[in-house]
Structure formats: C-alpha cells, structure tokens
Amino acid sequence: MAILDGGAPPDDLTSGTTRQNAEVTNGALLLMQHVLPDQLPARVYLARLGAGSRRTMRTALNSIAALLTGGRCSADTLDWSRLGYQHTAALRAALAARYQPATANKHLAALRGVLREAWQLGQMTAEQYHRAANLRTVRATTLPRGRALGPGELRALFRVCHEDQRPSGVRDSALLALLYGAGLRRSEVIALDDTDYDRDTGALRVRAAKGRKDRIGYASNGSRAALAAWLQVRGDFPGPLFWPIDQAGRMVARRMTAQSVLEILRRRAGLAGVSRFSPHDLRRTFISDLLDAGADISTVAGLAGHANVQTTARYDRRGEQAKRRSAELLVVPFDR
C-alpha cells in the first residue's frame with residue numbers, strides 16, 4: 001500500500017524508516033527505534049484518504065506534531081501512541097487559540113483518526129485511545145465563509161465567455177455551467193471524461209468525488225446547451241471532457257488542472273467586472289439558488305454529494321439575502 005502525496009511517490013508503506021533519539025520537554029514523544037512504515041499510525045490513516053484530503057490532513061498532522069513538540073517532530077516522527085489526555089487537551093486549547101473553529105476541528109479530526117489507527121495497530125489500549133480522543137469540538141459563532149454570486153454576476157460571466165469567439169470561450173462557458181449549474185467541485189469537473197456525460201439525459205457520473213463517494217449530477221437547460229456547444233468544438237474524441245487550450249487557440253488532448261480552472265475564473269471575473277470569487281463560491285450559489293427555488297434540502301444534499309443535510313445547510317446563503325432585504329425595509333431619513 002502506498003501513499004501518494006500530491007502525486008509524488010516517495011512516501012510509501014513499503015520501505016523502512018529510522019528515527020533519531022531525542023527527548024521532548026513534555027515527554028518522550030519522539031519515536032526511538034526503527035519502525036516499519038505500515039506500523040506508523042499517521043501513514044496508515046493518510047493512506048485511506050482521498051488524494052485531496054490526504055494533502056490537507058498531512059499538513060494538519062505536521063502542524064499538530066510541531067505544536068506538541070516545539071517543532072521537533074513531524075507526523076512521521078511523533079510517537080502518537082504515547083499521547084495522553086494531558087497532551088491532547090493542551091493541544092485542543094492551542095488549536096482553538098490559533099485557528100478558526102473549522103480549521104481547529106479539522107486538526108482534531110485528523111488527530112482522532114491517527115489515534116484510532118494507533119489503537120487498531122495495537123499500540124494503544126482502548127482506554128488510552130478513548131481518553132486521548134475524547135475532545136470537545138471547538139465551537140464559535142463566525143460569519144460563513146465565501147459568498148454566493150448574484151444573478152447579474154452570473155450573467156456577466158457568461159456574457160464575457162460568449163463574446164469570446166475562440167474555443168476557450170466555449171469551453172469556459174461549459175466549465176461555468178457545470179460549476180454553477182451542477183454544483184461540481186473543480187476537482188470533480190476536471191476528473192470528468194467524455195464517457196461520464198450522457199447526452200440523452202444530461203446525467204453526469206461524478207467520480208473522484210470528496211470522500212470517494214461517486215454520485216450522479218445533472219446538466220439541465222443552459223448547462224446542457226453550454227456542454228453541447230463545447231462538445232461540438234471538442235469533437236467526439238475519448239478522454240477528459242475538458243481540455244487545456246494553448247495561447248495559439250489549439251486544444252491539447254489532456255486533463256486540465258485545478259489551478260488552471262481557478263485562473264480561468266479569475267480572468268473571466270476581471271473581464272466581467274465581477275468581484276473575486278472562488279470556484280467553491282459557485283457551488284455555494286448552486287445550493288443557495290436551488291433552496292431558494294423551493295428544492296428539498298435532502299435532494300440538494302444528494303446533488304451536492306453531501307453525506308448529511310447539515311453540511312448542505314452551511315452552504316446556504318439565503319439567510320443573508322433575507323436579512324439584507326429586511327434591512328432595506330427601514331427608511332433612514334437622511335437628507336443631503
């Protein structure tokens with residue numbers, strides 16, 4: 001079993017690793033002997049995650065190890081089996097003070113995952129594991145991340161793509177159509193192959209989804225028309241649904257990158273005079289607009305690939321719109 005971090009293969013579970021001897025101020029938390037990689041809880045935990053989550057959680061685990069040991073350990077050199085409640089409770093306090101609640105809880109989720117693997121590997125007793133992992137979620141009331149785009153902004157984005165008569169204009173319209181109209185993540189869009197799209201029904205087989213949960217999405221009305229226009233330009237060649245286009249306007253038959261999608265959206269936003277937004281903001285807009293149109297939240301959760309409706313609810317920006325409309329009902333008697 002191998003861990004591929006960002007596509008690089010050096011971190012695998014097939015070669016041995018040797019640890020240095022060192023003492024940490026709050027206990028001997030550094031591994032003191034030669035350990036086989038498939039016995040390292042952090043590597044075993046990361047191995048069962050998807051590629052995107054693996055990168056994120058590796059960073060979190062390295063941060064945890066550094067916080068616990070004053071920068072002396074990484075995720076691979078920390079002896080996770082020696083962590084007790086005194087360590088993890090202090091860690092939770094440090095994370096709560098340093099990060100926003102969502103980021104702190106992501107770190108705690110990674111910690112619990114590694115501690116569970118240490119228990120499963122027989123390196124901790126069940127009691128030790130439960131004591132160390134029994135940590136409350138960091139809670140706070142914060143403003144929601146990201147934003148939803150307004151109808152005028154969406155129209156402006158599609159307009160600048162339509163005005164671009166090059167193949168890139170047609171492709172970028174189709175990209176926007178799926179990011180907003182189908183609520184896809186950018187990693188999901190670039191993972192689509194031509195065979196994942198059913199032209200008869202508009203169904204999209206979304207593979208490589210977060211949490212390795214495949215699902216079916218749909219391109220309808222304008223999204224379907226935008227895809228049809230792109231496929232007419234692209235042709236019926238097998239392979240990735242979306243291709244890069246070079247400076248000369250030539251299509252390159254290979255898969256796009258997530259970074260290229262981000263750059264495309266930023267460029268189109270600049271041309272359209274739209275304030276900067278992230279690809280995920282289009283997904284937030286997709287969810288908010290569906291709910292605003294009366295779609296059932298459970299159905300929207302299924303379309304978005306969320307395991308529960310609570311996650312979907314966090315994407316809902318209708319509450320802010322309603323508050324803004326309510327605030328506009330009040331007339332402030334200012335006279336210039």
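In this predicted model, the side chains of D172 and R171 form a salt bridge with an N to O distance of 2.9 Å. D172 counts as buried, at 2% relative accessibility, and R171 is buried as well, with a relative accessible area of 4%. The two belong to a network of salt bridges that also links D164, R166 and R268.

The structure holds 18 salt bridges. Three of them are listed here.

| Salt bridge | Closest N and O atoms |
|---|---|
| R48 and E117 | 2.7 Å |
| D172 and R171 | 2.9 Å |
| D196 and R205 | 2.9 Å |

R48 lies in the loop between α1 (41–47) and α2 (51–69), and E117 lies in helix α4 (residues 101–120), so their salt bridge ties together parts that are 69 residues apart in sequence. R48 is partly exposed, at 43% relative accessibility, whereas E117 is buried, with a relative accessible area of 10%. The bridge between D196 and R205 also joins a buried residue to a partly exposed one: D196 has a relative accessible area of 3%, and R205 has 38%.

R268, a member of the salt-bridge network, is one of the buried residues of α10, which also include S260, V261, L262, I264, L265, A269 and A272. The buried residues of this helix pack against α6, α7, α8 and α11 (279–292). The 15 residues of α10 should span 21 Å at 1.5 Å a residue, and the end C-alpha atoms are 21 Å apart, which agrees. G273 follows α10 and has a positive phi, near 70°.

The largest nonpolar core has 35 residues. Those with the most contacts inside this core are L157, L178, L204, L227, F242, F277 and L282. At least two core residues come from each of α6 (151–163), α7 (167–181), α8 (186–191), β1 (203–206), α9 (221–234) and α10 (258–272). Another core, of 31 residues, lies apart from this one and has I64, A65, L83 and L91 among its members.

F242 touches R171, A174, L175, L178, V189, L227, W230, R254, R255 and M256, leaving out residues up to four places away in sequence. R171 in this list is also the salt-bridge partner of D172.

The count of aromatic pairs comes to 3. The rings of W230 and F242 have their centres 6.2 Å apart and their planes at 10°, so this pair is stacked. The pair links distant parts of the chain, with W230 in helix α9 and F242 in the loop between α9 and α10, 12 residues apart. Both W230 and F242 are buried. F237 and W243 form a tilted pair, with 6.1 Å from centre to centre and 35° between the planes. F237 is partly exposed, at 49% relative accessibility, while W243 is buried, at 5%.

Helix α9 also contains N221. This residue has a positive phi of about 35° although it is not a glycine. Its relative accessibility is 66%, so N221 counts as exposed.

A search of the whole structure finds 0 disulfides. C73 is buried, at 6% relative accessibility, and C161 is buried with a relative accessible area of 1%.

Note on methods:
Residues numbered from 1 in each chain as written. Predicted model: local features only at pLDDT ≥ 70, side-chain atom pairs only at ≥ 80, totals over all residues. Heavy atoms only, no water. Core = buried A, V, L, I, M, F, W, Y, C linked by side-chain atoms within 4.5 Å. Buried < 20%, exposed > 50% of the residue type's maximum accessible area, 1.4 Å probe, protein only. Helix = DSSP H or I, 4+ residues; strand = E, 2+ residues; numbered from the N terminus. Contact = heavy atoms within 4.5 Å. Expected span 1.5 Å × (residues − 1). Phe/Tyr/Trp six-rings, centres within 6.5 Å; stacked < 30°, edge-to-face > 60°. Disulfide = S-S within 2.5 Å. Salt bridge = Lys/Arg side-chain N within 4 Å of Asp/Glu carboxyl O.
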